[in-house]
Amino acid sequence: MHTTPNTLTEWLAHCEQIHPQSIAMGLERVQEVARRMELRFDCPVITVAGTNGKGSTCAMLEAVALQSGYRPGVYTSPHLVHFEERCRIHGEIALADDFLPHFAAVEAARLQGEEVLLTYFEFTTLAILRMLSLAKLDVAILEVGLGGRLDATNVIDTDCAIITSVDIDHAAILGNDRETIGREKAGIMRAGRPVVVSDPVPPQSVLDHAQAIGAELWRFGRDFNFEGDKQQWGWAGRGRRYAGLAYPALRGANQLMNASGVLAAFEAIRDRLPVTAQAVRTGLAMVELPGRFQIVPGQPTLVLDVAHNPHSVAALTANLDAMGYFPTTHAVFGAMADKDLAPMLAKVGPLIDRWYFTDLPTPRAETAASLQAKWNAVQMVAGGQRQVSTSLHANPEAALQAAVAAAEPADRIVVFGSFYTVGGVLQHGIPRLGAKHLEA
């Protein structure tokens, strides 16, 4: 007989022991436990899927809802530093103790009758969904963990689906082409409900599925669009326009795509969740999300980005390029072994002068030595004209310390790759760099 966990840390350890696999696709187990829990939402639900841009989209939805005077709840994953980051209620990260009754409820339902084996992700998702369902929300914003059709969040029928971008990631699970991956993302759509597709060139499989089930398709470039100059931007949808908007506080060219999808979603469910133009302006101008092309001012400049697949690294490269001239760019990089690393390294490589490859605290990660070998192979293919130094480090914090020690005040340091990489340098808060030393 096992003892009941008493703390969030104990519950999370328990969740890791239940199912023999860390990822086990299929909704039957989650649906059965959700049915036993009588899990349901009394407010509109917006579900966000996509290869990149999900977290940013959820943060913008939340910011506009807050500015409109609503009480939003957000479920997002993975976390950067603390598990509690995965659940926000009315703009605040939930407290560790707040999770406990919901973990206990999932465990009770799981063991009621025939035991159901849940993965860590499935168990924690159900606990957070229950927490949100009982929080008297005006809107629930759910970020899909992986794919869509078989993701644990898909046990909840969405009132408005958003598909941000479709590109190749998690190929071993979702498929190795955009059409196949698009079919998985499209699984969050519901008949007769709006689906906002903010990918400008969506796979045909996404459009076909919307038509097949009778979802109400809002397509970028047809049902909504944006335009902008250096100072401001504007958005036009089916029945509404916004002009003279300030750029979203989240930096990067790709954020206008995400913001456009957010405005389309609010337009699509306007009858249930009306938002004001002022809330849109203020919300987008104030939105915050750590690790998304986050520029930390200081000497040297520090850039944090969770870009970890070819599509997001291409966006990071463009954003770094647009920052202007820096004498030397130092890169702290750690990534999962299942990522398509060669095109990522080849894309950003021309901008990087010194690499600091790091191990990460998870068995899924590539070793620093292996990352270095892959970089060397990319260099060989490229002809190896530039002299680029590399070094190996035991963890992201040590890699950042080494970069700071080597950097001049006018340089920049880019920390990117896995959530573990960026989270690793945020363990003690945002590093504030002063030239030649690292301040806590």
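Here is a walk through some salt bridges, a small sheet with its helices, and one phenylalanine in this structure. Keep in mind that what you have on screen is a predicted model.

Let's start with charges. The structure holds 18 salt bridges, and a few of them make good stops on a tour. Begin at helix H2, which covers residues 28–37. Here Arg35 pairs with Glu32, and their closest N and O atoms sit 2.7 Å apart. Both residues belong to H2, with a spacing of three residues, or about one turn of the helix. How do the two partners sit relative to the surface? Arg35 counts as exposed because its relative accessibility is 55%, and the cut-off for exposed is over 50%. Glu32 is partly exposed, at 24%.

Next, go to Glu115, which forms a salt bridge with Arg110. The closest N and O atoms in this pair are 2.8 Å apart. Is Arg110 buried or exposed? With a relative accessible area of 2%, Arg110 is buried, because anything under 20% falls in that class. Its partner Glu115 is partly exposed, at 45%.

Now look for Arg190 and Asp157, another salt bridge, with a closest N to O distance of 2.5 Å. Arg190 is in the loop between helix H7 (178–186) and strand E7 (194–197), while Asp157 is in the loop between strand E5 (139–143) and strand E6 (160–163), so the pair ties together parts that are 33 residues apart in sequence. Arg190 is buried, with a relative accessible area of 16%, whereas Asp157 is partly exposed at 47%.

Salt bridges can also link up into a group. Which residues do so here? Glu216, Arg222, Asp223 and Arg238 are connected in a network of salt bridges.

From there, move on to the sheet. Three strands make up an open sheet, in the order E9-E10-E11, and they pair antiparallel. At the edges are strand E9 (225–228) and strand E11 (241–245), each of which pairs on one side only. From one strand to the next, the twist averages 10 degrees. As a reminder, strands of a sheet pair through backbone hydrogen bonds, either parallel or antiparallel.

Zoom in on strand E10, residues 233–236, which is joined to E11 by three bridges. If you want a residue pair to click on, try Ala236: its bridge partner in E11 is Arg241. Helix H10 (residues 277–286) packs on this sheet, where it touches E10 and E11. The direction of H10 makes about 45 degrees with that of E11.

A second helix, H9, lies across E9, E10 and E11. H9 runs at about 40 degrees to E10. Within H9, which spans residues 255–268, you will find Phe266. How accessible is Phe266? Its relative accessible area is 3%, so Phe266 is buried.

What does Phe266 touch? Setting aside its neighbours within four places in sequence, Phe266 is in contact with Leu61, Val64, Ala65, Leu273 and Val275. For a sense of scale, pick out Val404 as well: it is 138 residues from Phe266 along the chain, and their C-alpha atoms are separated by 43 Å.

Key:
Residues are numbered from 1 along each chain as its sequence is written. This is a predicted model: local features need pLDDT of at least 70, side-chain atom pairs count only at pLDDT 80 or more; totals for chains, interfaces and linings use all residues. Side-chain values use heavy atoms; hydrogens and water are left out. A salt bridge is a side-chain nitrogen of Lys or Arg within 4 Å of a carboxyl oxygen of Asp or Glu. Helices (H or I, at least four residues) and strands (E, at least two) are DSSP runs, numbered from the N terminus. Buried means under 20% relative accessible area, exposed over 50%, partly exposed in between (1.4 Å probe, protein chains only). Contact means heavy atoms within 4.5 Å. Two strands pair if DSSP finds at least two bridges between them. Axes are lines fitted to C-alpha atoms, for helices over the stretch in contact, and angles run from 0 to 180 degrees between N-to-C directions.
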